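Got the model open in your viewer? Keep the selection box handy, and we'll go from stop to stop.

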Amino acid sequence: MSEDLIIVSGGAPLEGTVNIAGAKNSVLKLMAASLLAPGLTTIENVPIISDVTLMGKVLSNLGAKVSFGDHRVAIDTAPVDSIEAPYELVAQMRASIAVLGPLIARFGRAHVAMPGGCQIGSRKLDMHIAGLEALGVSFDIAHGFIDASIPQGLIGAPVILEFPSVGATENLMMAAVLAQGTTIINNAAREPEIVDLANYLIAMGARIEGAGTPAISIEGVKELSPVASHTTVGDRIEAGTFLVAGVLGGGPVTVKGVDPSHLEMALTKLRAMGVQLEVGSDSITVSHSGAIKPVDIQTLPHPGFPTDLQAQFMVLDALADGRSVITENVFENRFMFADEIARMGAEIRIEGHFAFVTGVRQLSGAPVRSPDLRGGAALVLAGLVADGQTVVAGVEHIDRGYEHFVDKLASLGAQIKRAPSA
Ligand code: EPZ
């Protein structure tokens, strides 16, 4: 993990085009889903980020042969001979829990470490467990490990999720595809990454209908086949992050390689802030000058406003011409970023799930630390327009989910560099 710093000087105008990478929150699950069938699968449009490297280690630890190419990963799951995801890997990346469903479906067993919480919340697994139990999985959870087995086999069943959890929807889909009979997931998550995973599973031979809607129907099949090539959907969160950079730097800034329909609510909020937008088939261009209108935001499951863009949009409201309220409805502790940007002069009062923001004329550069992946990216965005220099520590958080973040911002004209910490 790098101890590097990101050093950014505020005030440089930004314009140009950024190519968006494949979606972190899809590719990690596509890689896990490859466990469902023995053989060689290739996934394209793979982002160069540390979480992908980690998922590669989780799969190699299970016995798979994993080889990375240029934005590509080839996974041969024929040699998989273990059902264990160890604590030292799972603790580094909670998304490792995505191997739970595939291991149960293919091998009838799984022994996966509990990932534990992280900075933004407790990140419980009760919905994963309850949903899989409805399909006949029995769990023994002890000593920090989840031990799963299917004494009577995996039997399709109707499941209703208490909350449209992305991870629970994915684990259930990946187990149900090899269950006997039909599973209906009600109150399912509708994120574009769910649709991407469903398309990949269908390419493996799964029978899935309704992905992207609140009701997903899965008819179990006897076996699945590896996929010669699947291209990961573009990363809507990376795209949204660079759209905010474009607003702050004036633009025009174009993000290419993303489906604009995956960002409807974020684009609606940008328009309400007074931002000019041009939307193409796989690109979005922003430009902005003058005041930013304050806009209230509340994060919700897709198609609501994405929680993963909350911190980035808080930078815009922190510089807006008035007051706004940002409500975080998805995670219980996702305002740590607000404390850091307050050090740069932002006026934000946190009360539970509400952040009361009063726009200021300008932020001032300061040494700050990334609280998490998206908060770290948002601190860099704030540094793009702050008066003076901002030094962002904790860059390893940003490396988890952003490919060449500094280089891409520099290519737009940002005065930014990465340096080893003293
Ligand atoms: C995925 O996390 C993403 N991560 C998150 O992105 C994203 O913020 C989140 O979905 C919501 O969109 C990946 O895909 C790797 P959830 P996930 O299950 O699946 C609670 C980023 O920055 N919950 O939809 O963990 C949970 O604690 C990351 O890229 C339970 O209580 O999200 C949270 O409060 C951050 N019990 C809420 O539901 C459960 O069994 C939403 O979680 C499951 C979840």
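## Stop one: helix α4

Select L100, G101, P102, L103, I104 and A105: these are the buried residues of α4, where buried means under 20% relative accessible area, exposed over 50%, and partly exposed in between (1.4 Å probe, protein chains only). Before going on, note that this is a predicted model, in which local features need pLDDT of at least 70, side-chain atom pairs count only at pLDDT 80 or more, and totals for chains, interfaces and linings use all residues. Residues are numbered from 1 along each chain as its sequence is written, and side-chain values use heavy atoms, with hydrogens and water left out.

Helix α4 spans 100–107, and since 6 of its 8 residues are buried, it is largely enclosed by the rest of the structure. (Helices, H or I of at least four residues, and strands, E of at least two, are DSSP runs numbered from the N terminus.) Now show what covers those buried residues: α1, β7 (109–113), α5 (126–134), β8 (138–142), β9 (145–149) and α6 are included. Just after α4, click on G108, which takes a positive phi of about 80 degrees.

## Stop two: the loop before it

Step back to V99, in the loop between α3 and α4. V99 counts as buried because its relative accessibility is 0%. Leave out residues up to four places away in sequence, and V99 touches A32, L35, M55, V58, L59, A85 and V112; contact here means heavy atoms within 4.5 Å. Try the distance tool on V99 and L35: they are 64 residues apart in sequence, yet 7.8 Å apart in space, C-alpha to C-alpha.

R94 sits in the loop between α3 (87–90) and α4. What is the nearest side chain of opposite charge to R94? That would be E170, 9.0 Å away, and R94 is buried yet has no salt bridge. (A salt bridge is a side-chain nitrogen of Lys or Arg within 4 Å of a carboxyl oxygen of Asp or Glu; Lys and Arg count as positive, Asp and Glu as negative, and His and the chain ends are not counted.) Neighbours within four places in sequence aside, R94 is in contact with P115, G116, R123 and L125.

## Stop three: salt bridges

E170 does have a partner: K29, at 2.7 Å, N to O. That pair links helix α1 (residues 24–33), home of K29, to helix α6 (residues 166–176), home of E170, across 141 residues. Both K29 and E170 are buried.

Next, select K408 and E238, whose closest N and O atoms are 2.7 Å apart in a salt bridge. K408 is in helix α14 (residues 405–411) and E238 in helix α8 (residues 236–249), 170 residues apart. K408 and E238 are buried too.

Then go to R418 and D4, which meet in a salt bridge at 2.9 Å, N to O. R418 lies in strand β24 (residues 415–419) and D4 in the segment before β1 (5–9), 414 residues apart. R418 counts as partly exposed because its relative accessibility is 35%, and D4 is partly exposed as well, with a relative accessible area of 21%.

The full count comes to 12 salt bridges.
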